Amino acid sequence: MDVLDVDGATGYLDTNYVGKGAAAIAALDSHDLVVVHVEAPDEAGHLGDADAKVEAIERIDEFVVGPLLKKLQSFDEWRILVAPDHPTPVGKRVHSNDPPPFCMAGTRVHSVLKRPFGEAAARSSDLKIELGHELTEYFLRA
Ligand SMILES: [Zn+2]
C-alpha cells in the first residue's frame, strides 16, 4: 500500500480536491485499488455548517468522483464505492452511529435503486452492512 502526498491536502474544508482527484486517477495506472479520503464534509458537520457540507460534497463530486468515473470507464472492469466513514449530522455536530449511506457502480454491479444518496435513505434501506470491513468485502466481491 502506498500513501500519496497531495500538495494542498489539508484534511479540512480548503483541501485540494482537484489534486486529490488527479492523484487518484494517476494511481489507477499502477494500482488495483485506490482509496481517497476527504475529511471536509465531516469537518463541516462538526461546525454545524450545512452550506459548507453541501459545498464540500459538491466539490468531491466535481473534482474527485466525476473525474474518477470518467477514468475508470477506460478499464475493461472497474468499480467505485462512495461512502462516508460515518455520519456527522450538522444538527448534532458530532459523529453519529446511524448507518452511513453508500453508493456503488461499475462492472457487475446490477442493483439499481432509485434512492437519494443520504442518511434518510440509508436509514430506510433494506441493505445494511454492520461493519466497515464487511462493506469493503461487499464492494470487492459484489
Ligand atoms: Zn469527525
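In the predicted model, the zinc ion is bound by protein donors from Asp42 (OD), Asp42 (OD), His46 (NE2) and His95 (NE2), at 2.0 to 2.6 Å from the ion. Along the chain, these donors follow the spacing D-x3-H-x48-H. The angles subtended by the four donor atoms around the zinc ion run from 54 to 137 degrees, and the arrangement is therefore irregular. A tetrahedral assignment would require all angles to lie between 85 and 135 degrees. For reference, the ideal angle for four tetrahedral donors at a metal is 109.5 degrees.

Two of the residues that supply donors, aspartate 42 and histidine 46, belong to helix 2 (residues 40-47). They are four residues apart, so about one helical turn separates them. Their accessibilities fall in separate classes: aspartate 42 is buried, at a relative accessible area of 9%, whereas histidine 46, at 27%, is partly exposed. The limit for the buried class is under 20% relative accessible area.

One aromatic pair is present in the structure. The pair consists of phenylalanine 102 and tyrosine 138, with 6.3 Å centre to centre and 75 degrees between the planes, and is edge-to-face. Planes over 60 degrees apart fall into that class. The pair links distant parts of the chain, its members being 36 residues apart. Phenylalanine 102 is located in the loop between strand 1 (79-82) and strand 2 (103-106), and tyrosine 138 in helix 5. Phenylalanine 102 has a relative accessibility of 23% and counts as partly exposed; tyrosine 138, with 34%, also counts as partly exposed.

Helix 5 (residues 132-141) also contains leucine 140. This leucine is exposed, with a relative accessible area of 52%. Together with Leu33 and Val35, Leu140 makes a nonpolar surface patch of about 330 Å².

A further exposed position is aspartate 29, for which the relative accessibility is 57%. The exposed class begins over 50%. Aspartate 29 is placed in the loop between helix 1 (17-27) and helix 2, the latter being the helix that holds aspartate 42 and histidine 46. Between the C-alpha atoms of aspartate 29 and aspartate 76 the separation is 13 Å, while the two residues are 47 residues apart along the chain.

Technical notes:
Residues numbered from 1 in each chain as written. Predicted model: local features only at pLDDT ≥ 70, side-chain atom pairs only at ≥ 80, totals over all residues. Heavy atoms only, no water. Donors = N, O, S within 2.8 Å, 3.2 Å for Na, K, Ca; no water. Tetrahedral: all angles 85-135°; square planar, octahedral: opposite > 155°, others 65-115°. Buried < 20%, exposed > 50% of the residue type's maximum accessible area, 1.4 Å probe, protein only. Patch = residues over 30% accessible without salt bridge, like charges linked within 9 Å, V, L, I, M, F, W, Y side chains within 5 Å. Areas by Shrake-Rupley, 256 points an atom, 1.4 Å probe, with all protein chains shown as cover. Salt bridge = Lys/Arg side-chain N within 4 Å of Asp/Glu carboxyl O. Phe/Tyr/Trp six-rings, centres within 6.5 Å; stacked < 30°, edge-to-face > 60°.
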